[in-house]
Every structure is written in structure tokens, then in C-alpha cells.
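User: Please take a close look at one part of this model, the interface between the two chains. Then cover the local backbone and cysteine details.

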Amino acid sequence: MGRKLLFDKAHIEGIRYYDVYRANGGYGSAEKALKSMKPEEVLEEVKKSGLRGRGGAGFPTGMKWSFIAKPEGVPRYLVCNADESEPGTFKDRYLMEFIPHLLIEGLLISSYTLGCNSCYIYIRGEYAWIPEILEQAIAEAKKNGWLGKNIQGTGFDLEIYVQRGAGAYICGEETALIESLEGKRGNPRIKPPFPAVKGLWDCPTVVNNVETLAAVVPILRIGGDEYAKYGIGKSTGTKLISACGNINKPGVYEIEMNISVEEFIYSDEYCGGIANGKRLKACIPGGSSVPILPANLLLKTAKGEQRMMTYEGLADGGFATGTMLGSGGFIVLDEDQCIVKNTLTFARFYHHESCGQCSPCREGTGWMKRVLQNIENGKGKMSDIDLLWDIQRKIEGNTICPLGDAAAWPVAAAIRHFRDEFEWHVLHPEEATKRNFGLAHYADPLEIAAPAAV
Amino acid sequence: MFSEEKLNKVKEIIARYPAGKQKSALIPLLHLAQEEFGGWLSAETMDYVASLLQIKPIEVYEVATFYSMFNLKPVGKYVFEVCQTGPCMLRGSDNIIDYIKKKLDIGVGETTNDGLFTLKTVECLGACGYAPMMQLGKHFREHLTPEKVDAIIEECRVKAN
């Protein structure tokens with residue numbers, strides 16, 4: 001069994017409630033931080049841990065925190081990004097539903113470190129039942145002296161509020177989230193200024209993902225140095241992976257970042273192999289926006305080495321032969337799946353979610369969707385494939401926020417690795433509407449991979 | 001108009017933000033209004049929310065039209081919001097959508113004649129591991145099969161009577 005830091009107590013009956021959480025060591029890290037450490041000492045531990053943002057970008061958390069401006073007399077804010085909307089990603093939902101106090105404790109320690117007295121959890125509107133769970137946890141924490149005024153007699157004050165979004169993927173982007181929290185459309189802001197200088201209501205603000213903030217709790221418990229011993233290299237600690245698609249055991253798994261992709265897919269501890277005895281065709285390992293990889297490149301890097309479930313491992317080979325860990329939304333496609341159709345659903349998604357501020361994204365996402373619809377419906381031309389390539393290149397890097405890139409990458413990677421499948425759709429329009437292209441050589445030279453030794 | 005109880009809730013929400021930043025309460029108030037006033041936001045409802053927050057009506061309209069959870073037209077009593085994005089598609093969401101269409105004899109975006117059901121397709125709701133799925137009111141219905149859809153429709157009919 002892999003070591004766990006976030007879900008180590010998730011199986012305990014009633015861990016959702018304060019008494020059980022507390023009885024199992026909960027709020028021990030907060031106690032340690034608030035009573036025996038200065039904010040800068042906590043920051044030092046987080047820096048030493050090597051913790052990187054778990055929302056997708058992977059930026060070092062300690063460094064992000066150190067950027068926060070501290071002008072005299074101006075409040076600072078911590079905003080917890082629980083907008084979780086990247087297709088394939090559902091890890092934060094699990095954490096908030098089952099161990100809400102882990103997040104509350106993480107918010108408390110982080111707010112103390114940053115010097116924030118108000119903290120907002122911005123949660124996607126569709127998770128409509130979770131705010132109640134969080135609010136109950138907040139009320140319990142408050143009743144027991146972990147929130148409110150003069151927390152545990154330390155003189156530190158903190159209020160945590162839960163704010164629901166209303167259905168907009170773009171609000172997962174930190175400046176769009178801030179706009180939304182201010183009661184506006186979720187249009188991303190031009191950076192700089194960064195939120196650390198000018199964020200919520202123009203005050204210094206840090207926006208972090210749920211999992212990132214929860215990870216601060218074990219970091220304080222075991223120490224930054226010890227946390228950094230988990231994982232490999234710069235991929236320290238554990239990561240929540242939400243696995244879905246055609247696998248035997250979809251769900252949320254906490255992995256130590258030292259296992260291989262093969263072990264993650266095939267071992268019974270995690271995904272349990274491909275469902276219905278099928279073969280693996282492709283995988284999008286970090287949420288819909290990261291490049292899709294065919295089975296042969298997924299399990300082994302272009303150098304022939306085993307690919308690891310780490311930031312560096314998944315990115316090995318760049319976009320030519322690699323992908324990204326992203327948010328940990330691990331989407332698996334079996335041999336019966338059509339790459340064109342899968343790409344079309346993502347193109348439709350990004351078109352729907354584009355905020356419309358930047359022309360390349362607003363127009364380009366719709367254009368890609370229409371071209372992909374034509375190819376999927378047997379009305380495509382050979383030149384459409386090059387057209388798609390051309391459109392995605394013109395979106396990438398030409399927008400205010402990363403949604404443009406997120407829309408471009410899935411299309412680019414699908415064409416890069418599965419061009420013959422697109423061509424087959426164009427050349428065999430009748431057949432393409434009835435059956436799928438199958439595996440071809442994508443899985444070569446791998447046979448049905450044997451489960452890795454656990 | 002909100003009831004006394006809801007107006008207290010409105011006050012409580014506004015108190016979450018610093019003085020003068022009451023506009024931040026807009027999205028929570030629109031959720032509250034939609035729940036309270038028949039599942040959708042009419043122009044009158046939006047104007048009312050604007051007056052509660054002392055902002056211009058256009059500031060409400062531009063937000064209400066941006067977020068997909070706000071309905072700007074009347075909807076059925078029960079709205080089936082079926083996810084159709086990649087991970088759900090891989091697990092057969094197309095079949096579920098087709099099944100609901102046939103079963104209720106409506107297309108996507110339409111409401112049954114009795115005003116009970118509306119079918120919507122939506123993009124990823126964050127339940128990819130439990131696909132195919134749909135949102136029904138506040139909750140998710142996951143691992144959908146035709147049999148489960150039948151049971152849900154029956155459940156709604158019973159509740160409506």
C-alpha cells in the first residue's frame with residue numbers, strides 16, 4: 001500500500017464531524033502552528049516541503065505565498081479555489097464531502113501564515129449540497145474555538161465563508177474567480193498586477209486549490225523536510241488522482257508520487273485495469289486540457305523508460321511525446337473509443353466555457369467544434385485536419401488566460417498522435433458513423449500489459 | 001418579494017463582505033431568487049435583486065446571462081441536466097440522453113406538456129468517476145442506466161402528486 005497523507009484517516013467512521021476528526025489528531029497541526037510558530041516559520045516549512053499547486057499549474061506554493069504584498073492597513077485575503085470544473089477532475093469534491101475539517105484546518109494554518117482574517121471558499125455551483133457540509137464544519141470549528149475571534153487564545157481572528165459559483169468553468173482561473181466573487185461575470189483579468197498585489201476588492205490575495213490547502217496540514221504535522229521525502233525529485237508528497245473512463249475501479253485515489261502509470265492503471269490498489277477485458281487505447285492523465293497520449297507513449301516514455309506518475313514523469317518528452325500531470329483528472333479510453341468523438345466533446349466543452357473576451361478563443365473554439373462535428377459526422381475533408389491544426393495554433397498563447405491553451409492542446413495532441421484516425425474518418429465517412437477506428441498500432445508494441453507487481 | 005425569513009438570509013449573506021462590497025452577494029442572491037421564484041429568473045426578479053443590492057439592473061442581467069445555472073426562461077418542475085462531456089460520453093451518456101428523449105418524448109432544451117420535466121445537456125459536472133450522470137435539483141444522480149432513469153422519472157411523478 002502506498003503511503004497516504006490526506007486520506008490516511010478518510011476511512012474512519014464519522015471523520016466528517018469535528019469530534020471524530022479532533023479525536024484522531026485533527027487540528028493538531030493548527031495548534032502547533034498558531035501556538036508555537038511564527039507565520040514566517042510556517043512559510044519556511046511549506047517552502048521546504050516542495051508543495052506545488054494541486055489545481056493544475058504546479059507552481060510552488062511557498063513561493064506563491066511569499067509574493068503576497070503587505071501594505072500597512074490593507075486587509076489580505078485567502079481564497080480557496082473549489083471550482084473544480086476541469087473534465088475528469090473530481091478529487092476536491094471527495095475531500096470536501098468526506099473530510100471537510102482537513103480543509104478548514106488547512107485554511108486556518110494558511111490564513112495565519114499569510115495574515116488573512118477573512119477567507120472565502122469559492123465552490124462550483126453544481127456541488128450544491130457541499131456548502132452545507134462545509135458550513136456545518138465551519139460552525140463546529142467555531143464552536144470549539146478554531147475560528148472566530150481570538151482563536152485558542154492566540155489573538156488571531158479568522159472567519160471562513162462559503163460562496164457558490166453558478167456554472168462557469170472559467171471561474172477556476174484565479175482572476176476570473178475573483179471577478180465572480182465580486183459579483184461580476186467571470187472574465188479573467190490581465191496580469192500583472194497579480195492577485196498577490198491586487199486581488200479581491202483590489203487587496204492582496206492568494207488563491208489556492210482545495211487539495212493544496214489541505215496538504216498544508218500534513219506538512220505541519222510531519223515537517224516540511226519529511227514531506228519532501230515523499231515522492232520523487234521535485235514532485236514531492238502525495239497527489240489526489242481522480243480516475244475515470246473505461247477502467248474497472250473509477251474513483252479518487254491518493255498516490256505517493258513515486259509509482260508508475262502502469263501500476264496506477266493496472267494494479268488492484270488503484271484503477272484495477274481496463275474494464276470489460278478491453279485493451280488500453282489512450283489516456284488523458286491530467287484533466288481534459290492536457291495532451292492525450294496513446295498507450296505506447298503513456299506507459300513508456302519515448303526513451304523507453306517507464307513513465308512515472310509525477311509532474312516530471314508525465315511531462316517527459318514535452319508535448320511531442322509527453323503530457324502533463326495537471327489537476328490529476330485521469331481519463332482512460334479503451335480500444336472501442338473514438339478519438340475524434342472524444343476530441344469533439346472537449347472542443348464543445350471549451351466553446352461552451354469560453355468567456356468571450358478574446359477573439360482567438362471565442363471564435364476559434366466554436367470553429368474547431370464545427371470542423372470536428374463535420375469530421376465526426378462523415379462530412380469532413382482532408383484539408384479540415386490541417387485547418388484544425390492551424391486554428392489551434394492561432395489560439396494558443398494568444399489569449400488573456402490559459403483557457404485558450406486548454407482548448408488548443410487536446411485538439412493538437414489528438415491530431416499529433418492519432419492523425420490516421422482523423423484521415424480514416426474523412427476517407428470512410430459511412431463506416432466512421434457506424435464503427436470506430438479501433439486500436440491500429442497505437443498500443444504497439446504492448447500486448448495486454450500485465451499488472452505491475454505491487 | 002422574499003419572505004421575512006429569506007430577507008434575513010439576504011442580510012446574513014451581505015454581511016459576509018466588507019462594507020460597500022455588497023455586490024459580491026449577487027450570485028448567492030440569484031441562487032436564492034431562482035429557488036424561491038419558480039426555478040427561473042424573470043426580468044422582474046432580476047430587478048428586485050438589483051434593488052436589494054442597490055446596483056443597476058444591467059449589473060444583474062450581465063451576470064445572470066453569463067452563468068449556465070441561471071435559467072432565463074421557465075423550466076419544468078424537474079430539470080434533468082445530463083452531462084455529455086468526454087468522461088461521461090466514454091461511459092455511454094449519449095445512450096442515456098437518447099433514452100430520456102424517447103421516454104419523455106421531448107428534445108434537448110424542451111419541457112414536457114405537463115410542465116413536469118425539462119431535459120438539458122450540460123458540460124462536465126465533476127462526477128466523471130460515477131458516469132453517466134445528471135444533476136437533479138441540488139443533487140447528482142450517478143451511474144445512470146435506463147432502469148435508473150425510469151425509477152427517477154417515477155419518483156418525480158410521485159413527488160409531484
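Analyst: The interface comes first, then the backbone, then the cysteines.

This is a predicted model, in which local features need pLDDT of at least 70, side-chain atom pairs count only at pLDDT 80 or more, and totals for chains, interfaces and linings use all residues. Residues are numbered from 1 along each chain as its sequence is written, chains are lettered from A and ligands numbered from 1 in the order in which they are written, and side-chain values use heavy atoms, with hydrogens and water left out.

Start with the contacts. Chain B puts 41 residues in contact with 58 residues of chain A. Contact here means heavy atoms within 4.5 Å. The two chains bury about 3900 Å² between them. Buried area is the accessible area (1.4 Å probe) that two parts lose on being put together, summed over both. Carbon and sulfur atoms give 57% of that area. On the chain B side, B:R16, B:F66 and B:L90 lose the most area to chain A. Together they account for 17% of what that side buries.

Now the polar side of the interface. There are 5 salt bridges between chain B and chain A. The rule asks for a side-chain nitrogen of Lys or Arg within 4 Å of a carboxyl oxygen of Asp or Glu. B:E123 and A:R348 form a salt bridge, with the closest N and O atoms 3.0 Å apart. Polar contacts link 28 residue pairs across the interface, both residues at pLDDT 80 or more. Such a contact is a pair of N or O atoms within 3.5 Å; within protein, one must be able to donate a hydrogen and the other to accept it, and residues adjacent in sequence count only if both atoms are side-chain atoms.

Which elements give two or more residues to the side of chain B that touches chain A? They are α2 (26-36), α4 (57-64), α5 (86-90) and β4 (139-141) of chain B. Helices (H or I, at least four residues) and strands (E, at least two) are DSSP runs, numbered from the N terminus. α2(B) gives the most, with 5 residues. By class, this side of chain B has 20 nonpolar, 11 polar and 10 charged residues. Ala, Val, Leu, Ile, Met, Phe, Trp, Tyr, Cys and Pro count as nonpolar, Asp, Glu, Lys and Arg as charged, and the others, Gly among them, as polar.

Next, the backbone. A cis peptide bond joins A:K191 to A:P192, with omega about -5°. A:P192 sits in the loop between α8 (174-181) and β4 (205-209) of chain A. In chain B, B:A131 and B:P132 are also joined by a cis peptide bond, with omega about -10°. The loop between β2 (117-122) and β3 (134-136) of chain B holds B:P132.

Positive phi values come next. A:N150, a residue other than glycine, has phi near 45°. Its loop runs between α7 (130-143) and β3 (159-164) of chain A. A:N150 is partly exposed, at 41% relative accessible area. B:Q54, also not a glycine, has phi near 55°. B:Q54 lies between α3 (43-53) and α4 of chain B, in a loop. B:Q54 is exposed, at 68%. Buried means under 20% relative accessible area, exposed over 50%, partly exposed in between (1.4 Å probe, protein chains only).

Last, the cysteines. The structure has 0 disulfides over all chains. The cut-off is a pair of cysteine sulfur atoms within 2.5 Å. For A:C283, the nearest cysteine sulfur is that of A:C271, 8.3 Å away. A:C283 is buried, at 0% relative accessible area. For B:C156, the nearest is the sulfur of B:C88, 19 Å away. B:C156 is buried too, at 0% relative accessibility.
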